[in-house]
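Q: I have a fold to read. Please show me how to go through its sheets and its helix packing, step by step.

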Amino acid sequence: MDQARSTISKIFNGEPHSYTRFNLTQNMEGDNSHVELKLSSDMDEEVEGNGVGDHLNHNSNRKPHVAQKFGCTLKNLCFLAAATFLIFIIGYLIGYLVHRGKDSSPICAASVLPAESKVVAHETGAAPLMDWDDVKMLLAKKLTAAKLESVLSEFSKDHHRAGSSGDELLANMVLKRFKENGMSTWTDEHFVMVHDPPTSGSNRVVFKKLEERPSGFLSYSATRTVTGAVLFAYYGRENDFQMLRNQNINLSGRVMLVRTGKISFAEKVANAAKMNASAVLIYQDPTDYSVRENAQLYGHVHLGSGDPYTPGFPSFNHTQFAPVESSGLPKIVAQTITSDFATKILRQLGGRSMPGGWEGFNRLGNENDTVTVEVNNVLTEKKINNVFGVIKGFVDADRYVVIGAQRDAWGPGFAASTVGTSILVELARSISDMKNNDGFKPRRSIVFASWSAGEYGSIGATEWLEGYLSSLSMKAFSYINLDGVVTGRNGFKVAASSLMYSLIESTLKEVKSSDGKSLSDQYVKQSWESDVSEPMRMDSAAYPFLAFSGIPSMSFRFTAGNSDYQYLGTMLDTRDKLNAGTASGVPQLAEMAGRFAGHIVLRLVHDHLLRLDLKKYDEVIRGHVRQINGKVKNVLRMQPQLLPKSLTMRWLMSASGSYSRASRDLEAYIDNSDMEDVEMCRLINDRIMAVERNLLSPYVSPRETPYRHILVGLGSHTLKALSNHLEALGTSNPEADANLFHSQFALATWTIQGCSNSLAGDIWSLDNEI
């Protein structure tokens, strides 16, 4: 521009009386540059040869300075027009070059910004960025129902219980596939303790003159013979037992007969143990399931995950730990029975009528309806192997997303494990092919994991977490679970960390079936959170990743609608049964499930910033705080003497506000930072990754209370437990303890504040108001 001005000045005898100034401002949001035009008239100021400026007389009859100098000839007018055109061309070129340079400047893809904000991502660093639409197209091209069909057939086995020769064969098949894809591979060996049915003899249930010796069993049940009166307890939920207590029924010493469904076997047994029951019998009710009347049922009753005889420690070979048992091991007997035998018992029960709303036969059972339960399961050591393959990232190779599926099953386990393992193997092949042949370069790494002993309580996955917890919690930023992803076709459910909600919502809109309808179009009527989202189950392998390790996790499944898949945990979980439940659409549904999981994984390794939404946890924390605040006010109004005078909600509200401010400040920091800097993106990602693990309470033992997460964990340290404790105080429950509540309240408050402090960044950036 200075050269242009000099040229024009020479034309006008070195007197720059008219010029154009371009003010180029760069918008951080990526909008077009704003151009401001200012004109300085020669009528404002005249520069004489001696450099002294005199005011012009605008009312004089003199011609303007230019006219005086050149005269109004045709030649001079043409010369003036040419000079004006030259000014325009030079200005336009300068503006174009500056604007073009701004548009091509690299930025990071947003992660904590709203999902609907459209951000154009440009690559910086070592890995040229492939357009996201091209990534989606490549995955859809490579992961097809036809290819999944052959893999499903190859990996279908009738017998592959954990630690068996069938399980080992499948492990070798998965390992071979990973190696063929050119992936780095390794295995993880553990020696774990499990309960299996007796090798000689059997378990036995006797009711009056009826007897059954089931081959189905519940691993980790107490082993002894118990006799007591039968009491029907519906699904064995806490509110079901509370309903019985409200009728003044004595629950102590009773043998609880409960249906499968709603909650896990382990939770049913734990709830019965709290009522001082002596045993639990579990069956599939014909109202919920249409399986054969003599179908045998398998499962476990450890209220936890992993090897319960090395809680908090990995079960590596020759490791020496003090002998200890998990607090989640039940102290009472538990056994499954067939639907036919349960029906015979129910028909002969006396006692009171069932509470309103309960389905089934008319009576609950009385003191004379005695049953004997004999459990002779044996404790066995088994060697299991987890198999891994990794696709290494090009920028942050030491940061990775893990995607896994259990490989074992009680029997055929087609829906339980075969479909998930097949999708895992095909996703590994597809993404490896994208990297090796199509130029896709993930920024971060992808770890593919094939777990063993999933049926005994996610043992393989949990032992790996326990073995490498300190490393994983710093470097693994998400886990995607593929267990049981296809059990029907009429519904779709997702359970996940709140950090992943925005990513899940956008993925539901992106993944489309062959008819062009997205998953959102098919399964979301009002909002995805109300129609699709569900709480994460404790028996999901994603749960220990989230609640034990503090790694944002997700599990999902195509379902049969409102009911559970009826063949899980039985020997009837075969391909024919699943085909019947999906109108022979297993390969197509597996393709959709693979693409949904694949989109989540690829998005997490594609963008500069992790697509984890910090603001969602702000809503969750505030919701808990509002609930606790309401209950504190209720107790103070009704029975103020129950709470210490020093208790104030200001602590918890302040901690909640600190998290809110920290998340907003980080978003503003991203907006105002130099996102061309790869190291800057890495530092921000590390702050985002720390949120989930900082919601693990540091004040409880991971051995005694493994699920330390204060929002989704299990124990008195959780915000849900605080709310329940307040209810107990309000109803004068003898188990309520005001001093214990006060202590847990303070520790939960500081856990939230600690998470906020970590999110805020450097120590000098903290503004601690507590």
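A: Start with pairing: two strands pair if DSSP finds at least two bridges between them. This model is predicted. In it, strand 13 (residues 378–391) and strand 15 (residues 444–451) are joined by five bridges in the antiparallel sense. One of the bridges can be picked out: Val390 has Val447 in strand 15 as its bridge partner.

Q: Which helices pack on the sheet, touching strand 15?

A: Helix 11 (residues 459–467) packs there, touching strand 3, strand 13, strand 14 (396–406) and strand 15. Its direction makes about 115 degrees with that of strand 3. Helix 21 (residues 678–693) also packs on the sheet. Helix 21 touches strand 14, strand 15 and strand 16 (476–481), and its direction makes about 40 degrees with that of strand 14.

Q: In what order do the seven strands of that open sheet run?

A: Read the order across the sheet, not along the chain. Here it is 3-13-15-14-16-18-17, and the pairing is mixed. Strand 3 (184–196) and strand 17 (491–496) have a single partner strand each, so they stand at the edges, with one side of each left without a neighbour in the sheet. Neighbouring strands are turned against each other by 20 degrees on average, direction ignored.

Q: Which strands are the edge strands in the open sheet with the order 5-4-12-7-8-9-11?

A: Look at the ends of the order. This open sheet also has seven strands and mixed pairing. Its edge strands are strand 5 (210–212) and strand 11 (333–336), each pairing on one side only. From one strand to the next, the twist averages 25 degrees.

Q: In what sense do strand 4 and strand 5 pair, and over how many bridges?

A: Strand 4 (residues 204–207) pairs with strand 5 in the antiparallel sense, over three bridges. As an example, Val206 has Glu211 in strand 5 as its bridge partner.

Q: Which strands does helix 9 lie across?

A: Helix 9 (residues 339–347) lies across strand 4, strand 5, strand 7 (225–232), strand 8 (255–259) and strand 9 (279–283). Relative to strand 5, helix 9 runs at about 155 degrees.

Q: Now helix pairs. At what angle do the axes of helix 19 and helix 20 cross?

A: Take the angle, then the handedness, then the residues. Helix 19 (residues 614–638) and helix 20 (residues 650–671) cross at roughly 165 degrees, and their axes come within 10 Å. That angle makes helix 19 roughly antiparallel to helix 20, because angles over 145 degrees are classed that way. The crossing is left-handed.

Q: Which residues make that contact?

A: Helix 19 contributes Leu614, Lys615, Tyr617, Asp618, Ile621, Arg622, Val625, Ile628 and Asn629. From helix 20 come Leu652, Met653, Ser656, Gly657, Tyr659, Ser660, Ser663, Leu666 and Glu667. By class, the contact of helix 19 with helix 20 has nine nonpolar, five polar and four charged residues.

Q: How do helix 10 and helix 18 pack?

A: Apply the steps again. Helix 10 (residues 414–437) and helix 18 (residues 586–606) have axes 9 Å apart and an angle of about 55 degrees. That makes helix 10 oblique to helix 18. The crossing is right-handed. Helix 10 brings Phe414, Val419, Ile423, Leu427, Ile431 and Met434 to the contact. Helix 18 brings Val586, Ala590, Ala593, Gly594, Ala597, Gly598 and Leu602. Eleven of these residues are nonpolar and two are polar, with no charged residues.

Q: At what angle do helix 4 and helix 18 pack?

A: Helix 4 (residues 132–142) packs with helix 18 at about 145 degrees, with the axes 11 Å apart. This crossing is right-handed. The contact is made by Trp132, Val135, Lys136, Leu139 and Ala140 of helix 4 and by Arg595, Gly598, His599, Leu602, Arg603 and His606 of helix 18. These residues divide into five nonpolar, three polar and three charged.

Q: Where is the pLDDT below 50?

A: Check the average, then the weak stretches. The protein chain averages a pLDDT of 85, and 83% of the residues score at least 70. Over residues 3–72 the pLDDT is below 50, and this stretch has 75 contacts in the model beyond near neighbours in sequence. Residues 100–126 also have a pLDDT below 50, with 65 such contacts.

How values were computed:
Residues numbered from 1 in each chain as written. Predicted model: local features only at pLDDT ≥ 70, side-chain atom pairs only at ≥ 80, totals over all residues. Heavy atoms only, no water. Helix = DSSP H or I, 4+ residues; strand = E, 2+ residues; numbered from the N terminus. Axes fitted to C-alpha atoms, helices over the stretch in contact; angles between N-to-C directions. Contact = heavy atoms within 4.5 Å. Parallel < 35°, antiparallel > 145°, perpendicular 65-115°, else oblique. Left-handed = near helix turned anticlockwise from the far one by under 90°. Nonpolar A, V, L, I, M, F, W, Y, C, P; charged D, E, K, R; others polar. pLDDT = per-residue confidence, 0-100.
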